[in-house]
Amino acid sequence: MADKYLIGWSEVDMTPDKKISLAGQFYERISEYVETPITATALAIESEGEQAILCSCDLTSVAMGLVERVREKVAEKEPEIDTSKIIINATHTHTSHTYKTATGNPITTTRDILNRYIPEEQHYKPLISAKGDDYLKPADAFVFLTERIAEAICKAWENRKPAGYAQGFGRAAVGMCRRVCYSDGTAKMWGDANSAAFTQLEGGNDSGIEMLFFYDENKKLTGAAVNVNCPSQILEHRSFISSDYWGKVRMFLREEYGDDLFVLSLGGPGGDQCPRDLIRWVNPDTPINDPHVERLDYIERIADPSMFEIKGTLKAGKRIAREVIDAIEEVEEIKTEAPFVHKTITLDMPLRRVTPKEFEEAEEKIKNYADKLEGNANFADNARMYVYAGTILRYEEQHTMNVRPIEVHVLRFGDMAIATNPYELFLDYGNQIRARSRAKQTTLIQLCNGAEGYLPTEKAEKAGHYSAYVSSGKTGHEGGDLLVRKTLEEINSMF
């Protein structure tokens with residue numbers, strides 16, 4: 001017999017009242033205003049002594065240092081909560097906080113590697129910076145965020161009540177492959193498809209949306225967990241604070257069901273996905289500072305609105321919200337009992353390694369660049385040398401470690417399996433898990449409890465470019481195969 005359960009919801013505002021450094025690009029951006037609020041939304045589930053708290057945050061990533069500090073704060077406030085069962089994911093908006101984790105140990109970055117090879121008087125200098133009382137420093141943002149996220153989790157736990165649930169499914173064209181392949185065997189993220197050398201997009205897309213709805217004892221809808229296989233980064237180049245398309249999803253759903261509706265925003269495997277159609281390319285309406293998206297031979301298309309602008313978030317948000325509304329209207333039965341299992345596992349993921357030859361070539365490239373550098377290094381130099389600096393950094397890392405332990409959560413709730421990973425996971429891996437899962441429905445949450453970078457496929461590694469470089473992520477396709485295998489073992493053992 002299935003178990004009865006309790007659920008609780010909470011949403012806490014993470015929008016600062018000061019300017020912040022915006023995360024998600026190689027160049028510096030300081031927020032100018034707030035386009036939409038950024039939030040932490042928590043869903044607490046408890047049944048027969050088992051528990052899980054899922055918390056979705058409008059952030060670019062969720063470093064494990066952030067998770068650990070949140071858990072410490074929660075333990076201080078709510079000793080009933082098993083903090084190992086706290087799951088925190090990022091929506092991957094690029095218009096939210098840059099934060100600096102309080103690890104106690106300095107973390108070497110590609111910028112630090114660049115500074116090694118250039119004279120001290122030419123060390124990296126930001127072109128845009130902010131100071132003063134109206135600016136929230138990244139170290140202070142870390143404290144602010146941990147307090148707000150912990151508050152959301154504790155409130156959700158306090159709000160637990162008997163509930164009903166229903167599952168739903170929909171389809172919306174939001175995510176599309178962002179890696180373009182060429183006849184010479186190479187590929188580029190954001191590559192120009194208007195070329196005689198263009199052959200195909202490297203991967204497919206998944207328009208499916210997994211949904212889980214919760215109702216109070218009066219059968220009133222209280223919230224929805226929505227799983228979309230696309231990062232929330234339409235506005236990634238802009239200099240304002242925004243929850244991107246997820247903020248618009250919340251807005252449209254609340255117009256339909258009331259301002260007290262909660263929306264748990266869950267990003268599925270989307271390391272090679274984006275909200276833009278690279279075939280029917282539509283340019284930004286306003287300038288952006290990213291050479292990767294320039295189109296020298298731009299042809300105007302009748303297609304989506306520009307998916308670099310606010311109107312693009314409205315289009316994507318409306319597509320998702322319509323599917324959620326349709327799925328809610330199709331609910332025929334609200335269940336009050338559900339099998340509930342939650343398992344946390346640690347996987348030792350193989351570190352993606354660099355050969356001595358690759359190290360030597362990278363060092364030569366960066367030395368030659370440093371010799372020709374005029375003036376201070378800045379974001380453009382860091383972007384140009386990122387792949388080489390990252391190769392050097394990995395070469396040094398692999399002399400002290402062979403594996404990177406990651407935290408993975410696998411849950412069963414009713415007929416749904418839920419599994420997490422800390423990567424920008426390429427879609428192929430998600431497809432492999434979903435296709436072989438014994439659950440009737442499988443929700444996969446990326447960028448969760450850790451920030452381990454991209455996890456590319458073998459074909460992407462061979463084709464190269466950003467997202468598939470060694471410097472783009474901690475593990476490679478061998479790790480992807482391991483993640484798929486272990487996730488499936490855990491899911492299928494629950495069904």
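Select α1 (64–77) and helix α3 (residues 138–158) in this predicted model. Their axes come within 9 Å and cross at roughly 50°. α1 and α3 are therefore oblique to each other, and α1 passes α3 in a right-handed crossing. To see the contact, display the side chains of Gly65, Leu66, Arg69, Val70, Lys73, Val74 and Lys77 on α1, together with Phe142, Leu145, Thr146, Glu147, Ile149, Ala150, Ile153 and Cys154 on α3. Coloured by class, the contact of α1 with α3 shows nine nonpolar, two polar and four charged residues. The spacing of such positions can be understood from a general rule: an α-helix has 3.6 residues a turn, so residues three or four places apart point the same way.

Next, move to the loop between α1 and β6 (86–90) and select Asp82. Is Asp82 buried, partly exposed or exposed? Asp82 has a relative accessible area of 33%, so this residue counts as partly exposed. Now add Glu50 to the selection: the two residues are 32 residues apart along the chain, and their C-alpha atoms are separated by 9.1 Å.

The next stop is helix α5 (residues 310–329). Draw a distance between its end C-alpha atoms, which are 28 Å apart. This agrees with expectation, because 20 residues at 1.5 Å a residue should span 28 Å. Then highlight the buried residues of α5: Gly312, Thr313, Ala316, Gly317, Ile320, Ala321, Val324, Ile325, Ala327 and Ile328. Which elements cover them? The cover includes the strands β9 (164–171), β14 (208–215) and β15 (221–228), as well as the helix α4 (244–257).

From β14, proceed into the loop that leads to β15 and select Lys219. Its phi is near 65°, a positive value in a residue other than glycine. Lys219 is exposed, with a relative accessible area of 62%.

For comparison, select Asn449, in the loop between β23 (441–445) and β24 (454–455). Asn449 also is not a glycine and has a positive phi, of about 50°. Is Asn449 buried or exposed? With a relative accessible area of 2%, Asn449 is buried.

Continue to helix α6 (residues 356–372) and helix α7 (residues 379–397), whose axes come within 9 Å and cross at roughly 145°. The crossing of α6 and α7 is left-handed. On α6, display Pro356, Glu358, Phe359, Ala362, Glu363, Lys365, Ile366 and Tyr369; on α7, display Asp381, Arg384, Met385, Tyr388, Ala389, Thr391, Ile392 and Tyr395. These residues make the contact, and they divide into 10 nonpolar, one polar and five charged.

The last pair is helix α8 (residues 427–436) and helix α10 (residues 477–494). Their axes come within 10 Å and cross at roughly 25°, and the two helices are therefore roughly parallel to each other. α8 passes α10 in a right-handed crossing. Tyr429, Gln432, Ile433 and Arg436 of α8 meet His477, Gly480, Asp481, Val484, Thr487, Leu488, Ile491 and Asn492 of α10. By class, this contact has five nonpolar, five polar and two charged residues.

Keep α10 selected for a final check. Its end C-alpha atoms are 26 Å apart, in agreement with the 26 Å that 18 residues should span at 1.5 Å a residue. Buried residues of α10 include His477, Gly480, Val484, Thr487, Leu488 and Ile491, which also take part in the contact with α8. Others to highlight as buried are Gly479, Leu482, Leu483, Glu490 and Met494.

How values were computed. Residues are numbered from 1 along each chain as its sequence is written. This is a predicted model: local features need pLDDT of at least 70, side-chain atom pairs count only at pLDDT 80 or more; totals for chains, interfaces and linings use all residues. Side-chain values use heavy atoms; hydrogens and water are left out. Helices (H or I, at least four residues) and strands (E, at least two) are DSSP runs, numbered from the N terminus. The expected span of a helix is 1.5 Å times one less than its number of residues. Buried means under 20% relative accessible area, exposed over 50%, partly exposed in between (1.4 Å probe, protein chains only). Contact means heavy atoms within 4.5 Å. Axes are lines fitted to C-alpha atoms, for helices over the stretch in contact, and angles run from 0 to 180 degrees between N-to-C directions. Angles under 35 degrees count as roughly parallel, over 145 as roughly antiparallel, 65 to 115 as roughly perpendicular and the rest as oblique. A crossing is left-handed if the near helix is turned anticlockwise from the far one by less than a right angle, and right-handed if clockwise. Ala, Val, Leu, Ile, Met, Phe, Trp, Tyr, Cys and Pro count as nonpolar, Asp, Glu, Lys and Arg as charged, and the others, Gly among them, as polar.
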